[in-house]
Amino acid sequence: MMGERRCPTCGALASADAEWCGQCFAPLDRVGAGPEAEAEHEGTARPSPVATAGPKAIPGTAGGSIEVEGGTLAWTCPACETRNPIEANECSVCGTPFGRLLAEPQAAPEIEPQTAAVWSMLWPGLGHWKLGRRTDAVARIVIFGWAFGALLVVLVSRFGKGGLGPTFPLFVLFLGASLMIYIVSALDAYRLAAGDTPVMSSRALLWTSAGLVFLSVLIATFVTLPAARR
């Protein structure tokens, strides 16, 4: 017990040299500041460490973090970087479980940046798969496959009909989306293999895919289909 003390916020035991409480994550004052510091605070009400501390972040072992700000606890999703309340068991956006923060990180496979980019050029997402980023890889493979497949469907449906006609807006949308995912995925695979941050994060990829689906439905409903019926 001589090397332990209690957290003034929740009462949990902590080691004498601990900077954070392991129960409530409140910052702790270091023990042994000397009699002068004790005399200075004697008889004076001390504010709660959580209430006075500025924003603090405890990084997770597999990405993300646990944040303490103004006495409020929250955790940042390691997959999409969404901020969730500490009571949430999974991310409100992508469904990643809270336990992912504490998972043991796996050693990323070593691959040359040029090799990762070449794999991504064969099919977007393969470079991320080779780098061990399976979630990002599957997302890019599926999104590119959907956009490129829809582009082929538009071209085949208008083959021999004298041009794209009313499907031209969908053609432009799917062509632009396919090119963007193709180029950005190759660039991100190169940057990740080189140890740099990607251009498009998992969260940005998620919102991009959602926006692509929304725009395609919107164009098909209000532009392409009415014009095709005339």
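At what angle do the axes of helix α5 (residues 134-157) and α6 cross, and within what distance do they come? In this predicted model, the two axes come within 9 Å and cross at roughly 150 degrees. Because an angle over 145 degrees counts as roughly antiparallel, α5 and α6 are roughly antiparallel to each other. The crossing in which α5 passes α6 is left-handed. On the α5 side, the contact is made by Arg140, Ile143, Phe144, Trp146, Ala147, Phe148, Ala150, Leu151, Val154 and Leu155, and α6 contributes Leu170, Phe171, Phe174, Leu175, Ala177, Ser178, Ile181, Tyr182, Val184, Ser185 and Asp188. Divided by class, the residues of this contact comprise 17 nonpolar, 2 polar and 2 charged.

Helix α6 (residues 168-193) also packs against helix α3 (residues 113-122), at an angle of about 155 degrees and with the axes 7 Å apart. That angle makes α3 roughly antiparallel to α6, and the crossing of these two helices is right-handed. The residues of α3 that make the contact are Pro113, Gln114, Ala116, Ala117, Ser120 and Met121, while those of α6 are Tyr182, Ser185, Ala186, Ala189, Tyr190 and Ala193. The contact of α3 with α6 is composed of 9 nonpolar and 3 polar residues, with no charged residue among them. Tyr182 and Ser185 of α6 are thus listed in the contact with α3 and also in the contact with α5.

The length of α6 was examined as well. At 1.5 Å a residue, the 26 residues of α6 should span 38 Å, and this expectation agrees with the separation of the end C-alpha atoms, which are 38 Å apart. Just after α6, a positive phi of about 90 degrees is taken by Gly195.

Apart from these helices, a pair of strands was considered. Strand β5 (residues 72-76) and strand β6 (residues 83-85) run antiparallel and are joined by 3 bridges, and within this pairing Ala74 has Pro85 of β6 as its bridge partner. The two strands form a hairpin with 6 residues between them, and in the turn of this hairpin Glu81 has a positive phi of about 65 degrees.

Technical notes:
Residues are numbered from 1 along each chain as its sequence is written. This is a predicted model: local features need pLDDT of at least 70, side-chain atom pairs count only at pLDDT 80 or more; totals for chains, interfaces and linings use all residues. Side-chain values use heavy atoms; hydrogens and water are left out. Axes are lines fitted to C-alpha atoms, for helices over the stretch in contact, and angles run from 0 to 180 degrees between N-to-C directions. Helices (H or I, at least four residues) and strands (E, at least two) are DSSP runs, numbered from the N terminus. Angles under 35 degrees count as roughly parallel, over 145 as roughly antiparallel, 65 to 115 as roughly perpendicular and the rest as oblique. A crossing is left-handed if the near helix is turned anticlockwise from the far one by less than a right angle, and right-handed if clockwise. Contact means heavy atoms within 4.5 Å. Ala, Val, Leu, Ile, Met, Phe, Trp, Tyr, Cys and Pro count as nonpolar, Asp, Glu, Lys and Arg as charged, and the others, Gly among them, as polar. The expected span of a helix is 1.5 Å times one less than its number of residues. Two strands pair if DSSP finds at least two bridges between them.
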